[in-house]
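Visitor: Could you take me through one part of this structure up close? I'd like to hear how the pieces there fit together.

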Amino acid sequence: MAIILGIESSCDDTSASIFIDGKISSNVIANQLVHQHYGGVVPELASRVHQQNIVPAVHEAISIAKIHKNDIDAIAFTRGPGLLGSLLVGTSFAKGFALANSLPLIEVNHMQAHILAHFIDEDKPEFPFLCLTVSGGHTQIVLVRNYFDMEVIGQTLDDAAGEAFDKTAKILGLPYPGGPLIDRYAQSGNPGAFKFPEPQIPGLDFSFSGLKTSILYFVRDRLKEDPEFLNQNLADICASVQGRIISILLNKLTKAARQHQIRHIAIAGGVSANSGLRKALEAMADENNWKVFIPKFEYCTDNAAMIAMAGYFKYLNKEFTGQNVAPLSRMPF
Ligand code: KG4
Ligand code: ZN
């Protein structure tokens with residue numbers, strides 16, 4: 001039996017999780033509300049709040065899992081990619097904890113961990129599968145051949161899908177993070193109400209910056225004609241923007257599935273919490289005879305359970321990291 005402590009601090013969520021041989025026993029996530037005042041994550045503030053939250057989060061994770069800290073066999077932490085100051089807090093904590101308790105240290109790639117979250121619960125994808133990883137910082141189609149044999153076959157050339165949601169929300173005067181709010185308003189709106197353009201990008205890559213600009217001009221022009229336009233059409237605008245983001249994502253995913261002749265399709269990352277994306281993917285599964293894998297909500301956005309899960313696979317392979325490890329803001333697979 002192996003007990004792994006997972007630590008996640010790559011952006012604005014401080015998280016700690018305990019994995020006990022095959023099962024997540026706790027997954028504590030401390031969100032940072034302070035960023036709402038600024039309309040986006042302020043890196044300097046994020047690192048300070050991680051510093052305040054990390055020890056209480058670890059204590060709580062250990063207590064919920066009903067273990068003692070001496071029972072832990074290894075500590076897995078997010079080495080990157082992410083905000084350097086945020087990653088430093090989790091990395092330094094993990095190194096100190098490992099040193100103090102004579103434990104092996106395991107570095108985890110945050111984007112791989114989002115994908116490996118699919119192995120936490122029972123219904124697991126079979127290799128090779130495709131994963132659409134959509135978060136605030138990344139939009140990737142990943143060909144997953146094995147636990148750590150992954151290839152990015154398509155990615156965004158500019159903004160990430162989560163950024164497209166968050167920047168749209170900002171234009172609409174909604175607070176950060178806007179993705180969940182757009183999702184909520186979209187549920188009572190008509191996705192066909194307004195037409196936003198689909199970028200013509202060759203291959204499997206994405207682009208979202210043109211969409212953002214077209215929304216900005218659309219809102220500016222309509223507000224000139226009618227100052228009440230936003231208030232009266234918020235649900236329809238959200239549904240139309242969300243519909244376009246989803247169609248951009250799923251058109252490329254379909255193309256990738258055809259090119260690679262793969263039927264096991266997964267989604268991961270914060271945007272995979274989007275209810276419209278989840279529904280649309282399920283509908284496409286029926287049409288294309290795909291088996292789709294959609295994570296539980298708590299494993300979509302940043303969490304340490306996925307770090308502990310990825311750490312466990314490395315623990316089995318005895319892939320440990322030295323005490324001289326430093327975080328990486330960019331960390332390719
Ligand atoms: O994976 P994540 O928690 O953090 C990063 O690694 O970036 O993703 C955060 C992103 C944010 O852009 C947030 O707006 C978006 O995920 N998000 C959503 C939803 N929930 C979170 N976007 C659309 N609909 C949602 N329900
Ligand atoms: Zn993430």
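**A helix end, and a sheet further on**

Guide: Let's start with a small backbone detail: just after helix 2, Ser102 takes a positive phi of about 50°. Bear in mind that this is a predicted model. Helix 2 itself covers residues 84–101, so to speak 18 residues in a row, and spans 25 Å from first C-alpha to last, close to the 26 Å expected at 1.5 Å a residue. Plenty of its side is tucked away: Ser86, Leu87, Val89, Gly90, Thr91, Phe93, Ala94, Lys95, Phe97 and Ala98 are buried, with a lysine in that list. The cover over those buried residues includes strand 1 (3–8), helix 1 (43–64), strand 4 (74–80) and strand 5 (105–109).

Now for the sheet. Five strands make up an open sheet, ordered 8-7-6-9-10, with mixed pairing. Strand 8 (149–155) and strand 10 (291–293) sit at the edges with a single partner strand each, so one side of each has no neighbour in the sheet. From one strand to the next, the twist averages 25°.

Zoom in on strand 6 (residues 129–134) and strand 9 (residues 264–268): they run parallel and are joined by four bridges. Along that pair, Leu130 of strand 6 is opposite Ile265 in strand 9. Packed on the sheet you'll find helix 7 (residues 229–260), which touches strand 6, strand 7 (139–146), strand 8 and strand 9. The direction of helix 7 makes about 160° with that of strand 6.

Note on methods: Residues numbered from 1 in each chain as written. Chains lettered and ligands numbered in written order. Predicted model: local features only at pLDDT ≥ 70, side-chain atom pairs only at ≥ 80, totals over all residues. Heavy atoms only, no water. Helix = DSSP H or I, 4+ residues; strand = E, 2+ residues; numbered from the N terminus. Buried < 20%, exposed > 50% of the residue type's maximum accessible area, 1.4 Å probe, protein only. Contact = heavy atoms within 4.5 Å. Pairing = 2+ DSSP bridges. Axes fitted to C-alpha atoms, helices over the stretch in contact; angles between N-to-C directions.
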